[in-house]
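Here is an informal walk through the model, written to be read with the structure open beside you. Helix packing comes up early, then the ligand, then a few backbone oddities.

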Amino acid sequence: MKKRDKNSQLEMLEGAKSMGVRAATSVSAGAAVGIGNVLSSSIHSVVQNSSLAKQSFGYAILGFALTKAIALFAPIMAFLISSVFRSKDWSDPSQQPNYRAHGPWKPSAEANQRIARISAHLHPSNVQMEESSILGRTNCRAKGGAPGFKVAILGAAGGIGQPLAMLMKMNPLVSVLHLYDVVNAPGVTADISHMDTGAVVRGFLGQPQLESALAGMDLVIIPAGVPRKPGMTRDDLFNINAGIVKTLCEGIAKCCPNAIVNLISNPVNSTVPIAAEVFKKAGTYDPKRLLGVTMLDVVRANTFVAEVLGLDPREVDVPVVGGHSGVTILPLLSQVKPPCSFTPEETEYLTKRIQDGGTEVVQAKAGAGSATLSMAYAAVKFADTCLRGLRGDAGIVECAFVASQVTELPFFASKVRLGRTGAEEVYQLGPMNEYERVGLEKAKNELAESIQKGISFIKK
Ligand SMILES: NC(=O)c1ccc[n+]([C@@H]2O[C@H](COP(=O)([O-])OP(=O)(O)OC[C@H]3O[C@@H](n4cnc5c(N)ncnc54)[C@H](O)[C@@H]3O)[C@@H](O)[C@H]2O)c1
């Protein structure tokens, strides 16, 4: 290499070095911590190292060339972009980015409804907000969701309530599902709301949210209360559950007086008369709409009879009448479908097992509660028949504990026909054998006391 070239190269290197020092000084001034510290130490290491300085010089030349190129092409790019914008008429909605093939984009109704649905389970409905928004209560059957009925479960976080909520979320007849409890309702609601079924789920926690939970409901299912422990009868639950049922029914009378009520809380033989008295007091009592759930007795009867007959339980239909406790549970084995006969031993075994089915589960659970899963199944089976009746399906018949003239008692469980207004027809008991007639008298004696206990609880 010539000496002149060497000198000029050294001058350029010195220039580059001094430029690097100036840059390093100015950048370091702003580099206090973190990324700034790392950056300034890197620049210093470039200045100290001559081979790195050579690289820096190369980059400087490259940068200069790029700047020139951008300066040359910028006016051409600007001209192209502005001509594209001039060709659009932005006052025409069809030229706007959100325009859809079926018409101009409307942000309000659809967007608001989606937001309401997404946040439904996180924020219980706020009456004031709903009144002022375009989303009225009647529109709760959210667009895109399943058309159907609005159902509330009171006591939704309990042993029965949780699987019941899950199964009702799977029911295609349900469009809105309200889950109310005094504990853990938000957790259960968040969990259930992730199921990709049609019903929109909302959670409600504690007494202040009871009215919001009930407003506008078509069907209210009540498994709220305490369950039995070993050694307890259903009647032992009376004092706690009577008060709970009274409060909840006062809410129903106020917020959804036309709803069908499915009462599960024990003792059903007393809680149904309690509910009736509350509704009478409020002036909203319609006997057709108040149904005590005795479906679990029917479910058990079908299962146990099918075992004895060696049949599929789904093919068996056993009417169970009377009430929902001990001897008040009266299976009419002489009326089983398909027609069949039992020996006296089989009749005795089956009747006892059906009557003691609840106790069998209470003892097996050894203090951890009573029947919950089979009860949730039975409750959903019964609720589904109520919803199909509400829809107007013909020939919907199930057993339930209702206001009745079938015996001299004011309430009695027997087959009822479910329709648009609830239990539209209460069927007679039909022909019974001697064993069943004796059983009926025992059932009536105990039932009379339990019914009176419920009525007195409200009237006292
Ligand atoms: N009808 C039947 O065939 C049948 C069968 C089994 C159980 N039961 C009855 O169902 C009831 C519930 O049983 P479980 O095993 O689910 O009991 P659980 O204790 O597991 O659940 C009861 C739920 O009710 C809630 N609760 C209590 N007070 C409430 C109130 N004031 N408002 C709203 N929620 C309230 C509790 O927080 C709890 O989540 C019991 O009374 C039980 O005897 C009935």
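Let's start with a helix pair: α6 and α14 cross in a right-handed way. The contact is built from P163, L164, L167 and M168 on the α6 side, and from L373, A376, A379, V380 and A383 on the α14 side. What classes do the residues of this contact fall into? There are 9 nonpolar ones, with no polar and no charged residues. If you want to find the two helices, α6 covers residues 161-169 and α14 covers residues 373-391.

Before going further, keep in mind that this is a predicted model.

**The chain as a whole**

The protein chain has 15 helices and 11 strands. Of its 460 residues, 38% are buried. Among contacts in the chain with a separation of 6 or more, 68% are between residues 24 or more positions apart.

**Helix pairs side by side**

Two packed helices are described by the angle between their axes and the distance between the axes. Here are those values for three pairs.

| Helix pair | Angle between axes | Axis distance |
|---|---|---|
| α6 and α14 | about 40° | 8 Å |
| α11 and α12 | roughly 150° | within 9 Å |
| α10 and α15 | roughly 35° | within 7 Å |

The pair α11 and α12 also crosses in a right-handed sense. On α11 (residues 295-309), the residues that take part are D297, R300, A301, F304, V305 and V308. They meet E346, L350, R353 and I354 in α12. By class, this contact has 6 nonpolar and 4 charged residues, and no polar ones.

Next come α10 and α15, where the crossing is again right-handed. From α10, the contact takes N269, S270, T271, P273, I274, E277 and V278. From α15, it takes L447, S450, I451, K453, G454, I455, F457, I458 and K459. How do the residues of this contact divide by class? The count is 8 nonpolar, 5 polar and 3 charged. Helix α15 itself runs over residues 434-459.

**A closer look at T347**

Helix α12 also holds T347. Is T347 buried, exposed or partly exposed? T347 is partly exposed, because 17 other C-beta atoms lie within 10 Å, and a residue needs 20 or more to be buried but 12 or fewer to be exposed. Leaving out residues up to four places away in sequence, T347 touches L333, F342 and Y435. The C-alpha atom of T347 is also separated by 9.9 Å from that of E436, although these two residues are 89 apart along the chain.

**Around the ligand**

How many residues surround the ligand? There are 33, and the closest are G155, G158, G159, G225 and N266. Sorted by class, the shell has 18 nonpolar, 13 polar and 2 charged residues. Helix α9 (residues 238-255) gives the most to this shell, with 4 residues. The shell also draws on two domains: at least three residues come from each of domain 2 (146-290) and domain 3 (295-459).

**Backbone oddities**

N266, one of the residues closest to the ligand, is also part of a cis peptide bond. The bond from N266 to P267 has an omega near -10°. P267 sits in the loop between β5 (260-263) and α10 (268-282).

A second cis peptide bond runs from K337 to P338, with omega near 0°. P338 lies in the loop between β8 (329-331) and α12 (344-355).

Two residues that are not glycines have a positive phi, so they may be worth finding in your viewer. The first is N184, with a phi of about 55°. N184 is found in the loop between β2 (174-181) and α7 (185-193), and is partly exposed, with 17 other C-beta atoms within 10 Å.

A366 has a positive phi of about 45°, and is found in the loop between α13 (357-365) and α14. Why does A366 count as exposed? A366 has 9 other C-beta atoms within 10 Å, and a residue is exposed if that count is 12 or fewer.

Methods: Residues numbered from 1 in each chain as written. Predicted model: local features only at pLDDT ≥ 70, side-chain atom pairs only at ≥ 80, totals over all residues. Axes fitted to C-alpha atoms, helices over the stretch in contact; angles between N-to-C directions. Left-handed = near helix turned anticlockwise from the far one by under 90°. Contact = placed C-beta atoms within 7 Å. Nonpolar A, V, L, I, M, F, W, Y, C, P; charged D, E, K, R; others polar. Near = placed C-beta within 6 Å. Domains from an automatic or database assignment.
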